[in-house]
Amino acid sequence: VDNEDWCLSEDNQRMMGVVTFKPDPAYFPAINDKASPMKFSLGVRHSNMGHYAVSFCVGAQVVVCTNGVFSGQIVLKKKHTPRLDLSALVKDGFDKYMEGLTGLTAMVDDYLGVDINDRDAAFTLMELMMDGALKNRYVDDVWKQWIAPAHEEFAPRNLWSLYNALTEVAKGMTPDIQYRLLTRGKPVLEGIYFPN
């Protein structure tokens with residue numbers, strides 16, 4: 001575990017959390033060689049009042065907000081019932097999280113394999129804006145992250161670098177705008193670069 005953040009609602013009826021793991025190179029050698037320092041997050045949310053099911057999600061970065069926003073690849077969703085076996089649920093959720101990492105590492109590998117230039121990046125940002133995934137007031141910030149990334153690992157000119165320029169800027173967005181970008185942006189990118 002690299003980091004973890006947990007919180008409860010004021011009435012103690014809802015719990016949200018994010019646990020970030022730095023993968024062991026023995027399990028993820030390709031990712032660590034190409035995209036170090038790659039980290040994976042596990043998002044968890046639960047409501048005793050039944051506002052939403054017990055949920056686990058996986059991502060390179062997940063969003064779990066006190067207002068109920070939950071973003072990432074959802075790998076487990078289980079309604080809270082009186083017979084809920086929490087120990088079995090957590091084990092099942094973590095197993096599904098590990099399975100979800102396989103898809104995530106494949107995605108990162110695919111993104112690392114797509115070289116793009118400044119013109120491709122500009123076209124992609126325009127498509128994201130036209131789709132409504134990216135508000136035009138953030139385009140300049142994403143472009144600056146593309147041209148001069150905050151992290152040297154994202155300096156190579158590939159789709160992974162552009163995706164990280166987007167997520168770096170997303171950190172400063174309000175939760176609703178961030179959620180729109182994170183949920184709608186990936187399908188736009190994949191529609192452009194992986195149309196089949």
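This passage walks through a predicted model, starting with how far it can be trusted and then moving from the core to the surface.

Confidence comes first. The protein has an average pLDDT of 82, and 86% of its residues reach at least 70. That confidence isn't spread evenly: the lowest mean, 52, belongs to helix α1 (residues 29–35), while helix α3 comes out highest at 96. Where pLDDT is low, the predicted coordinates shouldn't be read in detail.

Now for the inside. The largest nonpolar core has 44 residues, and the ones touching the most other members are L125, L128, L134, W160, L166 and M173. Take L166 as an example. Leaving aside residues up to four places away in sequence, L166 touches L125, L128 and L134, and also V142, L181 and L189. Three of those names, L125, L128 and L134, also turn up in the list of best-connected core members.

Y138 sits in the loop between α3 and α4 (139–147). Being in a loop doesn't put Y138 on the outside here: Y138 counts as buried because its relative accessible area is 12%, and the cut-off for buried is under 20%. Its contacts, again without residues up to four places away in sequence, are V169, M173 and I177. M173 is one of the well-connected core residues mentioned above. As for V169, it lies 31 residues from Y138 along the chain, yet the two C-alpha atoms are 7.5 Å apart.

Over in strand β3 (residues 40–47) there's H46. H46 is buried too, since its relative accessibility is 14%. Once residues up to four places away in sequence are set aside, H46 touches Q13, R14 and M15, along with Y52, V54 and H80.

V54 comes up again with L86, which belongs to helix α2 (residues 86–112). The C-alpha atoms of L86 and V54 are separated by 9.8 Å, with their positions 32 residues apart along the chain. Unlike the buried H46, L86 is exposed, because its relative accessible area of 53% is over the 50% cut-off.

Finally, the surface has a nonpolar patch made of F123, M126, M129 and M130, which together offer about 390 Å² of accessible area. One of its members, M126, is part of helix α3 (residues 118–131), the helix with the highest confidence. M126 has a relative accessible area of 39%, so it counts as partly exposed: that value falls between the 20% limit for buried and the 50% limit for exposed.

Key
Residues are numbered from 1 along each chain as its sequence is written. This is a predicted model: local features need pLDDT of at least 70, side-chain atom pairs count only at pLDDT 80 or more; totals for chains, interfaces and linings use all residues. Side-chain values use heavy atoms; hydrogens and water are left out. Patches are made of residues with over 30% relative accessible area and no salt bridge: like charges are joined within 9 Å, nonpolar side chains (Val, Leu, Ile, Met, Phe, Trp, Tyr) within 5 Å. Accessible areas come from the Shrake-Rupley method with a 1.4 Å probe; for residues, only the protein chains shown count as cover. A salt bridge is a side-chain nitrogen of Lys or Arg within 4 Å of a carboxyl oxygen of Asp or Glu. Helices (H or I, at least four residues) and strands (E, at least two) are DSSP runs, numbered from the N terminus. Buried means under 20% relative accessible area, exposed over 50%, partly exposed in between (1.4 Å probe, protein chains only). pLDDT is the predictor's confidence in each residue, from 0 to 100. Contact means heavy atoms within 4.5 Å. A nonpolar core is a set of buried Ala, Val, Leu, Ile, Met, Phe, Trp, Tyr and Cys residues joined through side-chain atoms within 4.5 Å.
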